[in-house]
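Student: Hi, I have a structure open and would like to talk it through with you. Can we just go back and forth on whatever catches my eye?

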Amino acid sequence: MWHFISEEISKSINKDFICDDIREISSGHSHKAFKITDGRSRYFVKTNQKSYLPHFESEIDGLTHLSKAQLFRLPKIICSGVVADKAFLVLEFLTLSEGTTEDWFQFGQLLAQQHQTQTQNMYGWQEDNYIGLSPQPNKWNKKWCQFFAEQRIGFMLQLLAEKGKNLANIDKIVAAVFKLLAGHVPVASMLHGDFWSGNSGFHKGLPTLFDPALYYGDRETDIAMSELFARLPTAFYEGYQATWPLDPGYEYRKPVYQLYHVLNHALIFGEHYIQSAQAILKNMEQ
């Protein structure tokens, strides 16, 4: 496998690359990840069963479109493909560091600029993609309340039901989300889609993003995700607010935006997140 991947890298960079050091590294729960080098150049490689190639292709698509904003330092796409029974994705290896207060303030400014300037007239994306290992539908819709109620919360509840986890009356929850968001007509911003501390960082002081689940939607969903598991440093939110302040209604909508990711984690990881999801859903059904 590694000989083939080395050849594909060589073709992409137009010079010989033969990896002589392969080290598996931690990279979440979705795929196996490796740092490979020939002593001069280093690359980040993800692998999984060949059926996961569409996941890697969606990641390439997301990184490609994020790069058009020319705001964040993104890993360069090297190559992808299938060898034997494995799919692989090769990216530039970025050494990440912790940011200073000033770095995080700039990060918030840049995300606000992305949300403010990279926009569409409808919500969704030109193709379906993935949120972690889960499918994410993105059919274009003119109504945000309908898009989020049906293609985010309703769809995730349906996936859970298909795995025998019937957490709530799907129609009732979809109607509740629709009602909660009715009248809210946000700018359709280009979103990272899975924005948290594990998918962001700094490379040589430059704010960095990776592992997107890109679509166009309410910018508040990116901010809500950033507050769900491990809130980012305060300076990030100060930088965002200084550039494009959030509407006061954000705090009212934040729980339902976070619910999407709680449901996804319930789908992937099970019990603890199922209990969290049930507590939120119970309040919504009342």
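Student: Where is D211 placed?
Tutor: D211 lies in the loop between β11 (206-209) and β12. Keep in mind as we go that this is a predicted model.

Student: And what is the phi of D211?
Tutor: Phi of D211 is near 50°, which is a positive value in a residue other than glycine.

Student: Is D211 buried, exposed or partly exposed?
Tutor: D211 is partly exposed, with a relative accessible area of 22%. The cut-off for buried is under 20%.

Student: Which other residue has a positive phi although it is not a glycine?
Tutor: Q70 is one, with a phi of about 55°. Q70 sits in the loop between α2 (53-67) and β4 (77-83). With 72% relative accessibility, Q70 counts as exposed.

Student: Back to β12, then. What sheet does β12 belong to?
Tutor: β12 is part of an open sheet of three strands in the order β6-β9-β12, and the pairing is antiparallel. β6 (119-120) and β12 (215-217) stand at the edges with a single partner strand each, so one side of each has no neighbour in the sheet.

Student: How many bridges join β9 to β12?
Tutor: Three bridges join β9 (residues 188-191) to β12. As one example of the register, L191 stands opposite Y215 in β12.

Student: New topic: how many disulfides are there?
Tutor: The structure holds zero disulfides.

Student: Why is C19 without a bond?
Tutor: The closest cysteine sulfur to that of C19 is in C79, and it is 11 Å away, which is too far for a bond. C19 counts as buried at 13% relative accessibility. C145 is buried too, with a relative accessible area of 10%.

Student: OK, the inside. What does the largest nonpolar core look like?
Tutor: The largest nonpolar core has 60 residues, and those with the most contacts inside it are F148, I153, V177, F236 and L263. Helix α4 (residues 144-162) gives the largest share of this core, 10 residues. There is also a second, separate core of 14 residues, which includes I78, C79, V83 and F88.

Student: What does F236 touch?
Tutor: Leaving out residues up to four places away in sequence, F236 touches W104, F105, F107, G108, L111, F195, I223 and S226.

Student: V177 caught my eye. Which residues of α5 are buried?
Tutor: I173, V174, V177 and L181 are buried in α5. They cover an arc of only 100° around the axis, which puts them on the same side of α5. D171 and K179 are exposed on the other side of α5.

Student: What covers the buried residues of α5?
Tutor: The cover includes α4, α8 (250-269) and α9 (271-285).

Student: How far does α5 reach from its first C-alpha to its last?
Tutor: Helix α5 (residues 170-181) has 12 residues and reaches 17 Å, close to the 16 Å expected at 1.5 Å a residue.

Student: Last one: Y260. Where is Y260 found, and is Y260 buried or exposed?
Tutor: Y260 is in helix α8, and at 3% relative accessibility Y260 counts as buried. Beyond residues up to four places away in sequence, Y260 touches I131, Q136, F148, R152, I153 and M156. To link back to where we started, Y260 and D211 are 49 residues apart in sequence and 17 Å apart in space, C-alpha to C-alpha.

Technical notes. Residues numbered from 1 in each chain as written. Predicted model: local features only at pLDDT ≥ 70, side-chain atom pairs only at ≥ 80, totals over all residues. Heavy atoms only, no water. Core = buried A, V, L, I, M, F, W, Y, C linked by side-chain atoms within 4.5 Å. Buried < 20%, exposed > 50% of the residue type's maximum accessible area, 1.4 Å probe, protein only. Helix = DSSP H or I, 4+ residues; strand = E, 2+ residues; numbered from the N terminus. Contact = heavy atoms within 4.5 Å. Pairing = 2+ DSSP bridges. Disulfide = S-S within 2.5 Å. Expected span 1.5 Å × (residues − 1). Arc of directions from axis to C-beta.
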